[in-house]
Each structure stands twice: as C-alpha cells, then as structure tokens.
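Reader: I've got a few labels here that I'd like to see justified. Can we go through them one at a time?

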Amino acid sequence: MLSPVAYGLAILLNLFIIFIGLRFLLVPHASAAGYGVPAKKDGDAAYLTVKGLRDFSYGVLGLALLAFVGPHAEAWYMLVVALNPLGDTVIVLRNGGTKATAFGIHFATAVIVLANAALLFAV
C-alpha cells in the first residue's frame with residue numbers, strides 16, 4: 001500500500017520542482033515574487049536563471065534516480081533536497097518576505113519532502 005503512495009508523491013514532487021525551474025527560466029521576475037523575495041527589475045537575471053536551472057535539474061535527477069536506481073536512492077536524495085526548501089525558508093525570512101510565505105510554502109515543502117523520504121525508506 002505504501003509503495004504507490006511513496007512513488008506517486010515522489011513523482012509529483014519531482015514534476016513540481018521541474019515546473020518551478022521552468023517557470024524561473026521563462027518568467028523569472030514573477031517567479032521571484034511568488035518565491036517570496038521579489039527581484040529587482042534591472043538586475044538579478046543571472047541569479048534567477050541559476051535558480052531555474054538548479055530546480056529543473058534537481059527535478060530531472062529525482063525522476064532519474066527513482067526510475068533507474070530505486071526508492072532507497074530516491075529517499076536519500078529527498079533527505080538532501082529537503083535542505084533547499086529549509087534554506088529557502090531562512091532566505092525569505094532574512095530578506096523581508098512574509099512568515100506566511102516562508103512557512104506556508106517553503107517550510108511546508110520541506111516537511112512534505114521529508115515525509116516522502118520516510119515513505120520511500122519504508123518501501
């Protein structure tokens with residue numbers, strides 16, 4: 001019973017991070033505002049592109065691990081990847097973003113990723 005839930009959530013989370021990466025690559029300023037720390041109109045383009053590429057490649061790597069290595073490798077990967085939304089929580093709080101965005105989006109994402117790691121370890 002856990003297997004379909006663990007795999008399904010892992011696929012969903014990886015597709016979601018691919019979407020976020022593509023969004024940062026295609027509409028970087030709107031994505032930064034949704035992230036919780038708006039970017040300057042005349043700057044930050046390189047950093048927004050880096051974030052987009054980072055997120056996109058993390059999602060693709062997660063899908064590849066799940067497909068070609070298995071759930072335990074994906075679980076370890078999820079443990080490591082959870083550092084990103086935890087770090088994003090701190091970044092939003094330290095740069096004037098709202099607590100609602102920091103905890104409601106980024107911290108909640110970290111919790112879901114960690115829960116998925118636990119499910120994948122149980123498979």
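Reader: Why is Phe16 called partly exposed?

Author: This is a predicted model, and in it Phe16 has a relative accessible area of 46%. Buried would need under 20% and exposed over 50%, so Phe16 falls in between and counts as partly exposed.

Reader: What makes Trp76 exposed, and what about Phe121?

Author: Trp76 comes out at 56% relative accessibility. The cut-off for exposed is over 50%, so Trp76 gets that label. Phe121 has 31%, so "partly exposed" is the right term there.

Reader: How do you know that the rings of Trp76 and Phe121 are edge-to-face?

Author: Their centres are 5.1 Å apart, within the 6.5 Å needed for a pair. The planes sit at 85°, and anything over 60 is edge-to-face, so that's what we call this one. Trp76 is in helix H4 and Phe121 in helix H6, so the pair ties together parts 45 residues apart in sequence.

Reader: Why are H1 and H2 described as oblique to each other?

Author: Their axes come within 5 Å and cross at roughly 130°. That angle is over 115 but not over 145, so neither roughly perpendicular nor roughly antiparallel fits, and oblique is what's left. On the H1 side, the contact is made by Arg23, Phe24, Leu25 and Leu26; H2 brings Pro28, Ala30, Ser31, Ala32 and Tyr35. By class, that contact has seven nonpolar residues, one polar and one charged.

Reader: What makes Lys51 count as lying over the face of Phe24?

Author: Lys51 is 4.9 Å from the ring centre, and the distance limit is 6 Å.

Technical notes. Residues are numbered from 1 along each chain as its sequence is written. This is a predicted model: local features need pLDDT of at least 70, side-chain atom pairs count only at pLDDT 80 or more; totals for chains, interfaces and linings use all residues. Side-chain values use heavy atoms; hydrogens and water are left out. Axes are lines fitted to C-alpha atoms, for helices over the stretch in contact, and angles run from 0 to 180 degrees between N-to-C directions. Helices (H or I, at least four residues) and strands (E, at least two) are DSSP runs, numbered from the N terminus. Contact means heavy atoms within 4.5 Å. Ala, Val, Leu, Ile, Met, Phe, Trp, Tyr, Cys and Pro count as nonpolar, Asp, Glu, Lys and Arg as charged, and the others, Gly among them, as polar. Buried means under 20% relative accessible area, exposed over 50%, partly exposed in between (1.4 Å probe, protein chains only). Rings of Phe, Tyr and Trp (its six-membered ring) pair if their centres lie within 6.5 Å; planes under 30 degrees apart count as stacked, over 60 as edge-to-face and the rest as tilted. A charge sits over a ring if NZ of Lys or CZ of Arg is within 6 Å of the ring centre and within 35 degrees of the ring normal.
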